[in-house]
Amino acid sequence: MNDLKALWQKHNDGELETSLVNMSDEIWQGGTLEEIKAKVSNEMFTFHVALNMIGNWKGDGWHYLLCEGREFLPYIPDVLDKLGLEEMKQMFDKTLSVFPDFAQGCDDKTYIDVVNFLSNPRFKVSDERLNAIPKAERVALCNAFSECVEQLDNLSMPLWAFNAEAGGWKNVLDYLYSCMDNQN
C-alpha cells in the first residue's frame, strides 16, 4: 500500500472526488491513523492526511478540524508545508498557540473542555485550570481563537472550496503527481 501511483490508477476511474474518497477509504483499512503511519510511506501518509484535512474542511471548516480532528492536528503543519501552503501553516500554528499548553497531552474529556472554552466564553467547562483563567482573559482567548479560525477559513476558501480549481483538490493532486513523478 505504499505505491501512490498504483493506488491512483486503481481508483481514478470516475469523478475526481469519488476517486479520492475511495483512495482514502482504502488507506483507512490499514487501521488507526497511528497504525497507518507505521505501515505506509511518508508520502502515502502525507497524502492521506491531506485528503482528510481538506475533505473535513470542505464539510465543516477549520473549527471542526480543530475540535473533532484532534488525531490529525500534530501532522497538519508538516502536511501544509509539503503542500506549499506556508501562510496557512503559519496561521495554523498561530491558532494552536491560543490553546493552553496542557491541551496537547490531555485526555479526550479535557480536550473537549478546551475546545468548548475557546469556542465560547459562556460555555461551562469542568477543568479547574480553565476555570481559573479570568473572564476577561477567556474572552480574549475566545476572540483570538475565533479570529484565527476565520483567517484559516479565508485562506482555505480560494483553494479548497468546491468551486476552486479541480473542485478544491488541486493541492492534493499536485502533491500526488509530484510523488508519482518521483516514483519513476
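This is a tour of one predicted model, taken selection by selection.

**Whole chain**

Begin with the whole chain in cartoon view. It has 10 helices and zero strands, so the order of elements from the N terminus on reads α-α-α-α-α-α-α-α-α-α. Turn the C-alpha trace along its principal axes, and the spans are about 55 × 35 × 25 Å. The radius of gyration is 18 Å, which agrees with the value near 16 Å for a compact globule, because that value is the one that goes with 184 residues. Of the 184 residues, 45% count as buried. Now consider contacts in the chain with a separation of 6 or more: 61% of them are between residues 24 or more positions apart.

**The nonpolar core**

Next, select Phe47, Met53, Trp62, Phe99 and Trp160 and show their side chains. The largest nonpolar core has 56 residues, and these five touch the most other members. Colour residues 42-68 as well: this is helix H4, which gives the most to the core, with 13 residues.

Stay on Met53. Which residues is Met53 in contact with, leaving aside its neighbours within four places in sequence? They are Trp62, Leu65, Ile76, Val79, Leu80, Leu83 and Trp160.

**The largest pocket**

Select Leu73, Pro74, Leu96, Ala103 and Gln104. The largest pocket holds about 340 Å³ of space. Its lining is made of 14 residues, and the five selected are the closest to the centre. Sorted by class, this lining has nine nonpolar, one polar and four charged residues.

**The second largest pocket**

Then select Val21, Leu51, Gly55, Asn56 and Trp169. The volume of the second largest pocket is about 180 Å³. There are 13 lining residues here, and the selected ones are the closest to the centre. Helix H2 (16-28) and H4 are the elements that give two or more residues to this lining. Which of the elements gives the largest share? It is H2, with six residues. By class, the lining of the second largest pocket divides into six nonpolar, four polar and three charged residues.

**Ser24**

While H2 is on screen, select Ser24, which has its place in this helix. Is Ser24 buried or exposed? Ser24 counts as buried because its relative accessibility is 7%, and the cut-off for buried is under 20%. Not counting residues up to four places away in sequence, Ser24 touches His48, Leu51 and Asn52. Leu51 was also among the residues selected for the second largest pocket.

**Asp127**

Move to Asp127, in the loop between helix H7 (108-119) and helix H8 (128-131). Although it sits in a loop, Asp127 is buried, with a relative accessible area of 11%. Show Phe102, Thr110 and Asp113 too: Asp127 is in contact with these three, leaving aside its neighbours within four places in sequence.

**Ala166**

The last stop is Ala166, in the loop between helix H9 (135-160) and helix H10 (170-183). What is the phi of Ala166 near? It is near 55°, a positive value in a residue other than glycine. Most residues other than glycine have a negative phi. Ala166 counts as partly exposed because its relative accessible area is 33%, a class that lies between the cut-offs of 20% and 50%.

Methods. Residues are numbered from 1 along each chain as its sequence is written. This is a predicted model: local features need pLDDT of at least 70, side-chain atom pairs count only at pLDDT 80 or more; totals for chains, interfaces and linings use all residues. Side-chain values use heavy atoms; hydrogens and water are left out. A nonpolar core is a set of buried Ala, Val, Leu, Ile, Met, Phe, Trp, Tyr and Cys residues joined through side-chain atoms within 4.5 Å. Buried means under 20% relative accessible area, exposed over 50%, partly exposed in between (1.4 Å probe, protein chains only). Helices (H or I, at least four residues) and strands (E, at least two) are DSSP runs, numbered from the N terminus. Contact means heavy atoms within 4.5 Å. On a 1 Å grid over the protein atoms alone, a cavity is a set of points where a 1.4 Å probe fits but cannot get out, and a pocket is an open set with protein on both sides within 12 Å along at least five of seven lines; lining residues have an atom within 4 Å of a point. Grid points are joined across faces, edges and corners, and a volume is the space filled by probe spheres set on the points. Ala, Val, Leu, Ile, Met, Phe, Trp, Tyr, Cys and Pro count as nonpolar, Asp, Glu, Lys and Arg as charged, and the others, Gly among them, as polar. The radius of gyration is taken over C-alpha atoms; the globule rule is 2.2 Å times the number of residues to the power 0.38.
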